[in-house]
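User: Hi! Could you walk me through the backbone and strand pairing in this one? I'd like to check a few spots before I set anything up.

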Amino acid sequence: MQLKSRLFSAIGLAAALFAGGAGAATIDYGAFRLDYDSGTVFGSPSFSFSAGGGVTGFGWNVPTAVQVVSEGTPAEAVFELPSFTLSANPGWTLSGPLTSFLGNLVFSEFKGSTSASVSGVVMLDGNAMSINPSLTRTVTNSSGNFSTGYYATASSQPVGAFSSFSFSGGSLTLSATSGPNSFASITAQPQNELKVGLVANPVPEPASYALMLAGLAVLGALVQRRARKT
């Protein structure tokens with residue numbers, strides 16, 4: 001679901017968010033809880049990650065069932081993306097940058113053409129936005145009528161602190177077009193990923209605030225004492 005920053009547009013109130021169902025499931029990642037729909041071809045999240053500065057996130061390996069093949073006639077395949085809501089757990093604050101990535105879906109074309117796009121609705125603390133970006137096409141090899149490469153999209157949103165983030169009604173559309181004696185396809189590889197990243201930091205305990213204030217008071221007293229001696 002790559003959420004390409006230039007294609008975010010506010011749309012006011014959105015359709016109802018994912019509210020659970022036969023595929024409803026929950027994972028607690030410590031800093032936040034993820035409620036998600038496990039009923040899509042993506043299933044449950046495949047991995048989580050963390051880095052310095054509180055950077056953390058989760059994602060899915062794109063299943064190899066995500067593909068489209070055209071052998072002489074146009075073909076299109078639409079895959080439902082997992083809906084999810086992540087919410088801060090008590091004692092934690094969530095903030096941006098809010099990042100997302102989808103890729104790299106490999107394409108092959110012989111006298112044919114392909115395209116890929118995603119759509120859906122995101123909501124950040126009650127503010128809804130629609131997305132409908134085309135995935136970026138990168139050609140890695142081109143010789144005569146034959147081309148190969150991959151599709152991917154990424155976004156980094158510099159949002160401030162938030163308590164919940166949701167994605168719903170999402171789909172990935174793959175299209176391939178070819179005529180007689182031609183071929184076109186897009187296929188997912190085991191290493192392909194759909195992932196979301198954010199920053200999570202613990203809320204300082206009241207005792208920590210008191211200790212910090214006490215330290216500042218001591219420092220201030222020392223500065224005043226030195227000033228009087230000079």
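**Strand pairing and backbone**

Analyst: Happy to. Strand β12 (residues 136–143) and β13 run antiparallel and are joined by 7 bridges. Keep in mind that this is a predicted model.

User: Which residue in β13 is the bridge partner of T138?

Analyst: That's Y150, which sits across from T138 as its bridge partner in β13.

User: And how many residues lie between the strands in the hairpin of β12 and β13?

Analyst: The hairpin has 2 residues between its strands, and G144 takes a positive phi there, near 65°.

User: How many bridges join β9 to β13?

Analyst: There are 11 bridges between β9 and strand β13 (residues 146–157), and this pair runs antiparallel. One of the bridge partners to look at is G149 in β13, which is matched with F107.

User: Let's switch to peptide bonds. What is omega for the bond from G96 to P97?

Analyst: Omega is near 5° there, so to speak a cis bond: the G96 to P97 peptide is cis. P97 belongs to strand β9, which covers residues 92–110.

User: What about the bond from G103 to N104, cis or trans?

Analyst: The bond from G103 to N104 is cis, with omega near -5°. N104 is in strand β9, as is P97.

User: Okay, phi values next. What is phi at K111?

Analyst: K111 has a positive phi near 60°, and it is a residue other than glycine. You'll find K111 in the loop between β9 and β10 (113–124).

User: And where does D125 lie?

Analyst: D125 lies in the loop between β10 and β11 (127–131). Its phi is positive too, about 50°, although D125 is not a glycine.

User: Is D125 buried, exposed or partly exposed, and why?

Analyst: D125 counts as partly exposed because its relative accessibility is 36%, and that class runs between 20% and 50%.

User: Last topic: S185. Which strand is it in, and is it buried or exposed?

Analyst: S185 is in strand β15 (residues 183–187). S185 is buried because its relative accessible area is 6%, and the cut-off for buried is under 20%.

User: What does S185 touch, leaving out residues up to four places away in sequence?

Analyst: With those left out, S185 touches V68, V69, V106, F107, S108, T114 and A176. F107 has come up already, as the bridge partner of G149 in β13.

User: Great, thanks!

How values were computed. Residues are numbered from 1 along each chain as its sequence is written. This is a predicted model: local features need pLDDT of at least 70, side-chain atom pairs count only at pLDDT 80 or more; totals for chains, interfaces and linings use all residues. Side-chain values use heavy atoms; hydrogens and water are left out. Helices (H or I, at least four residues) and strands (E, at least two) are DSSP runs, numbered from the N terminus. Buried means under 20% relative accessible area, exposed over 50%, partly exposed in between (1.4 Å probe, protein chains only). Contact means heavy atoms within 4.5 Å. Two strands pair if DSSP finds at least two bridges between them.
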